[in-house]
Structure formats: C-alpha cells, structure tokens
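Ready for some practice in reading a protein model? Take a look at the sequence and structure below, then try each exercise before reading its solution.

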Amino acid sequence: MAGDANHYEVLGLASDASADTVKARFRELARRYHPDVATVQDAEDRFRAVNAAYQVLGDPRRRAAYDAELQLAAARARRAAENRGRKGGHSTPHAGHRERGSPAPAQPTPSGRRRPSEAGRLVEQARTAHRLLQFRAAEQLCRQALQIDRRQAGAYEVLGDVHRSRGHQDEALAMYSFALQLDRGNQALQAKLDRLVGRPPRASARSEPRRSPTPAGRVELPSSTRMVVTGVGLALYVFSLCVAAMTPAPPAASILFLDWNPELLLGLASAGAVTGLLMAVNDIARPARAELALNGGRSGGAVLPLGFALLGFAIVWFYAAFALYVALAIRRDRVSKSIACAFAATFLTVALYALVRWDSAQYIVATGGNLVFVALVIGWATGDAVLRREQGAAGDDAA
C-alpha cells in the first residue's frame, strides 16, 4: 500500500466515514467515471480503482481488516521515523547495553537452547486459558505480553480467538490482521482469517486444500429442495402432535419414560429430530460440530466437547443441561445463537405437547425435554452430515 492512494483517498472520504456515506460516494464516483459516459482520459482506471475501493470499504468485515492493516502500517512508519531520529541524534548502544523498557533477551539453558521469552511464556498461558474458556484471563495475559513485546504475533492471534469466541467478528478480524502482518508465514493463522471473512482456504506448498463450493464452507440447498424438506418436516411435526393428542394418557403419577405410551415417546422424539433437521437445512443453526465443540489452540484440540456435556446432562434432566449452558455462557461472556435456538425450540415443543396432552402436562413438562433435546441435537447433526456430503459432491464436481 505504500506509495499508492488507499481506498479512503480514492473515494475522497475520511477513515471514519459511515457505511451510508461510503455507499453514496461510490455511486457518485461510479456514475462520474463510468467508461460509457465519462469524458476524462483515465476514466477506466479511475472507475476500476473506485470499484476496488468499494469492494473493501462496503463490506464491514473486509473494512475492519483493511483498517487494521492501515493502522499497523502507520505504526511501522512511526517506529521507522523514531529509529531514524534515534540513530541521527544518539550513538549506537554497545552490545551489552539494553534500552529501558525493551524486552530482556532469552537466556541460554545449560543445554545451550534458549528459554522462551517472557512474552512467549505469557502467550502460551493465554492459549491455555482460552482453551479452558477463561477469556478474561487470556485477554489479560495477552495484554501483558504485548507490553513486553509489541510485535508478539501470538498475542494478537489469541486476542483474535477470544474476540471470535465472544462473537465480536470485527475485533477478531483486526487482531488476526495484526498477527498476520507480523507472522506472514503462519498458514494456520491465515486459514482463521480466511474463514472469518468467508474466503475459501488458500493453497499451501505442502498440500492443496479441498475446494469449497460456497464462501461459508457449507452447501446451500436449492430453494425448491429446502421448501420441500421444510414442508414435509412441518407436516410430520403437526402429525406427531395430532397422534399424541389422540393417544391415552400415561399412567398417573409417572415421570419415567418406561411408563409412557410408545406413541407419545415417538411423537416427542420425532418432533425434536425434525426440528433439529429443519434448523440445519434452513441455516437457522450453524454447523453442529462447530457449535457443540470447544476448540482451542493451534492444534485444534478440545478440552471437552460441549455437545457431550449437554447431552449427558439432558439425558439425566433437560433443565440441568440448560442451567449448565447458562453458566458457561456467563463465564464465556458469549451466547451461541444456534444453541439458544435449540433450547428455545425444545421449550416450545414441550409446551405444545403439554397443551395437547393437558391431562399429562406436568409429566411432559418435567421430563419431556430430556427426549426432545437429545433428538433435536441428533437431527441437527444429521442435517449437517447431509449438507457436508452434498458439499463433498459439489467440491468433487468443481475439481
């Protein structure tokens, strides 16, 4: 970007211009420099530059990443100017001298290998804290590392992971962009940034990644197919309610599934499974593997899959699983919209079955959620599996 006008200068706007201002300015310049109507000699080049600028500044995520790159470039220019001034006005410090505030050099161990720097040690502790969902602690550790070494790419990466876990996409983009500027060869970091902005993974020298037919990495079913699946699913849902309404009540004073009628059990299970399937097919919920697993660190390992924990508690008692997730959401300072929709759909299904079977409402409310939620998660995962299979077929066709 050095030596060239940045996108804000191309559009003639300030860096804090609103999205509406950017859009209005693009339309004005596009009409002015369109090759079919413009009379200036370099109209085509200007039109191309205006269009390229709007492609970045008109997208909130790409704009956030671009702003981060501009800030980093400005910071580098300031440091370069300070270094030139320091060299011009001061003598070069001798080899044993260390400026105040600069990070201490790594000390050699008896075996000759150097110990990790203090900033690197703090970053590793921050990674561990992030894997354990201790987001505030991870953020504090990264800030401490950056106070020691402002060029610690790992600290910016972990901060990006924290923001992404909290659902702050723009802040995560900025942190990943900072980290990538400092560590350009980090393929894992580049993949994180690409996934966040919706770009397909970049090819590496070692292997060629699998092509994805959609920017988000998921196949979007044709609208006609989605409508058919949704219609059939809703019909099955209503049918299960009707069957439950016409079956005899379970024995009195019984909350055990073994004492319930098979029709009622089948209705609750099918309603939950259909709901989960429709959530996946209609993109109401994000991929189950991403939402129900707690990944952390570069290795991508999981401390404990969230889905296993929630399903385990739900089998015992659905409301215990709900309380567990509320506690985790408060601790993580983030609520997953997909999991929240799963719990809301479970509550709604239990309420509907309690209404149509008022004579057994207390038993359905007490333990019906156990069966509905487990079936919903299974249907959700099944829908994702179907979409992934379609994605694989589309990727093979594209290849």
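Here are three exercises on this predicted model, each with a worked solution.

**Exercise 1.** Find out how many helices and strands the protein has, and what share of its residues counts as buried.

*Solution.* Start with the secondary structure: the protein has 16 helices and zero strands. Next, turn to burial: 39% of the 399 residues count as buried.

**Exercise 2.** Decide whether Arg-25 is buried or partly exposed, and describe how Arg-25 and Glu-28 are placed in their helix.

*Solution.* First, recall that buried means under 20% relative accessible area, and exposed means over 50%. Arg-25 has 23% relative accessibility, so this residue counts as partly exposed. Glu-28, at 32%, is partly exposed too. Now look at helix H2 (residues 19–33): the two residues are three apart there, so about one helical turn separates them. Finally, check the side chains, which form a salt bridge at 3.1 Å, N to O.

**Exercise 3.** Work out which parts of the protein are tied together by the pair Arg-127 and Glu-157.

*Solution.* Begin with the contact itself: the side chains of Arg-127 and Glu-157 form a salt bridge (3.6 Å, N to O). Arg-127 belongs to helix H5 and Glu-157 to helix H7 (residues 153–165), so the pair links parts that lie 30 residues apart in sequence. Both Arg-127 and Glu-157 are buried. To finish, follow the shared partners: salt bridges join Glu-124, Arg-127, Glu-157, Asp-161, Arg-164 and Lys-192 into one network.

How values were computed
Residues are numbered from 1 along each chain as its sequence is written. This is a predicted model: local features need pLDDT of at least 70, side-chain atom pairs count only at pLDDT 80 or more; totals for chains, interfaces and linings use all residues. Side-chain values use heavy atoms; hydrogens and water are left out. Helices (H or I, at least four residues) and strands (E, at least two) are DSSP runs, numbered from the N terminus. Buried means under 20% relative accessible area, exposed over 50%, partly exposed in between (1.4 Å probe, protein chains only). A salt bridge is a side-chain nitrogen of Lys or Arg within 4 Å of a carboxyl oxygen of Asp or Glu.
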